[in-house]
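Student: Could we go through this model together, beginning with the whole chain and then turning to single elements and residues?

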Amino acid sequence: MASSGASSSTPTQDVAQAISNLRDRIPKLEPRKRRSEPSNPIPAPETPILPPPPDTSNWSFQVPSRRILSPQDHAIFLSSPTYSLITAWVFGLSEAVVDTPCSAIKDCEVSKTTKAILAILDEARELVARSPPDEQGGSRFGNKAFRGFLDLVNERTISWHRSIGVTNDGAIAEASTYLMQSFGNRDRIDYGSGHELNFMMWLLCLYQLGVVQKSDFQALVLRVFLSYMTLMRSVQMTYYLEPAGSHGVWGLDDYQFLPFLFGAAQLLHHPYITPRAIHQDLTIEEFGHDYLYLGQVGFVNSTKTVKGLRWHSPMLDDISSAKSWTKIDNGMRRMFVAEVLGKLPVMQHFLFGSLIPAAAGMSEEAAGAETGDSQAAMHDEAAQASHSHEGPGWGDCCGIKVPSSIAAAQELKKRTGGDTLRRIPFD
């Protein structure tokens with residue numbers, strides 16, 4: 001018989017003791033410190049001070065021409081007052097629409113001049129119907145009827161400028177060159193961020209002429225630029241404009257850049273729309289009309305035969321992982337400076353006049369070369385020989401023709417007999 005002093009334990013007590021001993025042997029787990037994200041070593045470009053418009057009462061206007069004919073010319077431009085003028089203009093417009101949806105601009109708040117500019121764009125949209133496209137036959141390349149549209153636009157540039165208060169013939173000739181360039185390339189039947197930039201330079205000319213004021217800045221972006229984008233979407237879908245470059249889907253967009261710059265500013269401090277929202281169809285559908293960034297993503301999605309940003313727009317997909325719109329806004333500023341103003345293949349087509357002047361020391365274009373009225377000379381053998389490109393081979397401006405993604409989507413709709421794309425990978 002066991003003595004009464006012997007101790008005994010139950011199985012439950014043994015398990016509890018074992019667990020207690022195990023806790024003592026396992027080191028205490030502490031949450032891992034979150035690594036701070038590496039900061040971009042390139043600071044976001046600041047907005048230079050926009051100078052007041054010059055006194056043009058005794059001004060000598062000139063038809064704009066190409067002045068960036070070599071890498072040396074480009075380097076001079078990048079350190080010139082005109083470079084600061086352009087960045088001050090574009091970034092100033094962007095800052096004017098911070099946290100502002102398009103619907104915030106009421107008709108009663110739009111100036112008479114801005115309404116006249118909107119009327120010009122509305123009339124240009126009507127001219128598309130007056131120059132219907134030729135039968136494509138399934139082709140995904142540019143439609144030559146586009147040149148007829150440009151001819152109709154050219155016939156109206158004088159009356160259009162007079163309607164917004166530009167009466168000097170020299171000023172009209174200078175400003176209208178940028179407007180004509182903003183619709184795309186007549187010879188190649190293509191369109192890209194360089195043409196989009198020309199539209200902003202047309203507006204800058206109007207500012208330099210004293211026609212538009214700083215009080216018009218919000219409306220210039222959220223009404224005028226939006227109307228221009230709507231017009232160009234119609235032009236692209238009607239005439240199958242090819243992308244003016246070979247970057248294609250590896251860029252932000254085949255055709256546009258500024259909707260993302262201005263659009264990021266609009267969403268800068270939005271309380272609930274985050275960068276990841278571009279993957280949410282309902283968010284794009286509900287807010288795309290109010291925010292340029294979302295609206296452009298929606299348009300891009302509608303013109304691709306492959307579903308999903310990760311497949312057709314990988315850079316947009318990557319950017320959506322940013323934690324804030326501030327990071328995207330800063331990145332868009334860097335990209336505008338580096339990928340638009342900083343790219344020789346884009347800027348060698350940029351035009352300089354008296355309102356947007358070339359810097360001292362820049363080359364002068366030979367007589368008969370590319371002008372605002374005709375670009376065909378740029379694409380014959382002699383003109384190509386005078387071109388400058390970055391690196392070996394042909395540049396973006398002279399490369400192999402690139403089929404239009406919009407054309408691919410439109411032709412697929414025709415074949416399937418409806419507005420819904422048949423989503424297939426790698427069409």
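Tutor: The discussion below covers the overall make-up, one helix and its partners, and then several individual residues.

Student: Before that, what should I know about how the values were obtained?

Tutor: This is a predicted model, in which local features need pLDDT of at least 70, side-chain atom pairs count only at pLDDT 80 or more, and totals for chains, interfaces and linings use all residues. Residues are numbered from 1 along each chain as its sequence is written, and side-chain values use heavy atoms, with hydrogens and water left out.

Student: How many helices and strands are there in the protein chain?

Tutor: The protein chain has 17 helices and four strands. Helices (H or I, at least four residues) and strands (E, at least two) are DSSP runs, numbered from the N terminus.

Student: And what share of the residues is buried?

Tutor: Of the 427 residues in the protein chain, 49% are buried. Buried means under 20% relative accessible area, exposed over 50%, and partly exposed in between, with a 1.4 Å probe and protein chains only.

Student: What about contacts between residues at least 6 apart in sequence?

Tutor: Among those contacts, 81% join residues at least 24 apart. A contact means heavy atoms within 4.5 Å.

Student: Let us take helix 3. How far does it reach from its first C-alpha to its last?

Tutor: Helix 3 (residues 81-96) has 16 residues and reaches 22 Å, close to the 22 Å expected at 1.5 Å a residue. The expected span is 1.5 Å times one less than the number of residues.

Student: Is helix 3 mostly covered or mostly exposed?

Tutor: Helix 3 is mostly covered, with 12 of its 16 residues buried. Among them are Tyr 83, Ile 86, Trp 89 and Phe 91.

Student: Which elements do the buried residues of helix 3 pack against?

Tutor: They pack against helix 2 (71-78), helix 7 (193-208), helix 8 (217-239), helix 9 (258-266), helix 14 (325-341) and strand 4 (351-352).

Student: How does helix 3 pack with helix 8?

Tutor: The angle between helix 3 and helix 8 is about 85°, and their axes are 8 Å apart. The two helices are therefore roughly perpendicular to each other. Axes are lines fitted to C-alpha atoms, for helices over the stretch in contact, and angles run from 0 to 180 degrees between N-to-C directions. Angles under 35 degrees count as roughly parallel, over 145 as roughly antiparallel, 65 to 115 as roughly perpendicular and the rest as oblique.

Student: Which residues meet there?

Tutor: Trp 89, Gly 92, Leu 93 and Ala 96 of helix 3 meet Phe 217, Gln 218, Leu 220 and Val 221 of helix 8. By class, this contact of helix 3 with helix 8 has six nonpolar, two polar and no charged residues. Ala, Val, Leu, Ile, Met, Phe, Trp, Tyr, Cys and Pro count as nonpolar, Asp, Glu, Lys and Arg as charged, and the others, Gly among them, as polar.

Student: And at what angle do helix 3 and helix 9 pack?

Tutor: Helix 3 and helix 9 pack at about 40°, with their axes 7 Å apart, and are therefore oblique to each other. Here Val 90, Phe 91, Leu 93 and Ser 94 of helix 3 meet Leu 258, Leu 261, Phe 262 and Ala 265 of helix 9. The contact of helix 3 with helix 9 has seven nonpolar, one polar and no charged residues by class.

Student: Turning to Tyr 207, where is it, and what does it touch?

Tutor: Tyr 207 is in helix 7 and counts as buried because its relative accessibility is 3%. Not counting residues up to four places away in sequence, Tyr 207 touches Leu 50, Pro 51, Pro 52, Pro 53, Trp 89, Val 212, Lys 214 and Phe 217. The C-alpha atoms of Tyr 207 and Pro 52 are separated by 8.8 Å, although these residues are 155 residues apart along the chain.

Student: What is notable about the backbone of Asp 99 and Tyr 240?

Tutor: Most residues other than glycine have a negative phi. Asp 99 has a positive phi of about 60°, and phi of Tyr 240 is near 55°. Asp 99 is in the loop between helix 3 and helix 4 (112-130) and counts as partly exposed at 39% relative accessibility. Tyr 240 is in the loop between helix 8 and strand 3 (242-243) and counts as buried at 2%.

Student: Lastly, what does the side chain of Arg 66 lie by?

Tutor: A polar atom of the Arg 66 side chain lies 2.6 Å from the backbone oxygen of Gln 348. Arg 66 is in strand 1 (residues 65-66) and is buried, with a relative accessible area of 4%.

How values were computed: A polar contact is a pair of N or O atoms within 3.5 Å; within protein, one must be able to donate a hydrogen and the other to accept it, and residues adjacent in sequence count only if both atoms are side-chain atoms.
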